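Thanks for asking me to look this one over. Here are my notes, as numbered points you can follow with the model open.

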Amino acid sequence: LAEFKTYIGIKKGVVLALKVKGGGIKRTDGNLFVPVEERFFAGGSHSVRGWSRSQLGPKDEEGIPIGGNSLLETSAELRFDLARKFKLALFADAGNAWVKSFHYPVNDLHYAAGAGLRIKTPIGPAGLDFARPVFDEERKWQIHFNIGHTF
């Protein structure tokens with residue numbers, strides 16, 4: 001699993017935050033089984049925010065997430081200072097998880113966009129993000145509460 005994050009100051013009070021995260025699992029002992037707790041799951045407040053936690057990626061026949069052996073996620077977020085303690089964030093996320101190891105079909109990415117409000121607290125930022133899938137049949141809004149930075 002590898003993750004790259006960078007933050008670019010656009011002008012006073014405006015920051016562009018970027019993240020790319022990818023991973024792959026392959027056992028070296030010839031066994032194809034990967035325990036579910038070791039698999040990758042996508043969707044949620046620190047992933048693709050248009051989906052609820054772990055709801056993006058492989059699922060079983062009953063629709064229960066089973067995780068994958070490959071993961072690719074990316075996010076871009078513009079953060080604006082609104083007042084001394086408040087920030088507005090506009091973001092776009094993309095990603096997915098796949099069963100096949102080290103398999104990243106970019107034509108199978110799912111996209112989400114949204115906005116969030118952050119407040120500075122003594123223990124770090126707290127915020128609400130509102131997001132929904134784009135270019136997808138799923139159109140349900142997701143609300144995520146965060147303590148700390150999303151990335």
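1. How many bridges join strand β2 to strand β3, and which way do the two strands run? Keep in mind that the model is a predicted one. There are 11 bridges between β2 (residues 14-24) and β3 (residues 70-81), and the strands run antiparallel. To find your place in this pairing, look for Lys19, which stands opposite Ser75 in β3.

2. Strand β3 also pairs with β4 (residues 86-98), again antiparallel, through 12 bridges. Here Phe80 has Leu88 in β4 as its bridge partner. The two strands make a hairpin, with 4 residues between them.

3. Stepping back, the protein chain holds 7 strands and 0 helices, so to speak a run of β-β-β-β-β-β-β when read along the sequence. Of its contacts between residues at least 6 apart in sequence, 54% join residues at least 24 apart. The C-alpha trace spans about 55 × 30 × 30 Å along its principal axes.

4. Now for the inside. The largest nonpolar core has 10 residues, among them Ile25, Val34, Phe40, Trp51 and Leu71. Val34 is a nice one to click on: beyond its neighbours within four places in sequence, Val34 is in contact with Ile25, Arg27, Arg39 and Asn69. Across the 151 residues of the chain, 38% count as buried.

5. Last, the outside. The chain exposes about 9,000 Å², with carbon and sulfur atoms supplying 60% of that area. Its side chains include 21 positive and 16 negative ones, and the centres of these two sets lie 11 Å apart.

Methods: Residues numbered from 1 in each chain as written. Predicted model: local features only at pLDDT ≥ 70, side-chain atom pairs only at ≥ 80, totals over all residues. Heavy atoms only, no water. Core = buried A, V, L, I, M, F, W, Y, C linked by side-chain atoms within 4.5 Å. Buried < 20%, exposed > 50% of the residue type's maximum accessible area, 1.4 Å probe, protein only. Contact = heavy atoms within 4.5 Å. Areas by Shrake-Rupley, 256 points an atom, 1.4 Å probe, with all protein chains shown as cover. Lys, Arg positive; Asp, Glu negative; His and termini not counted. Charge placed at Lys NZ, Arg CZ, Asp CG, Glu CD. Pairing = 2+ DSSP bridges.
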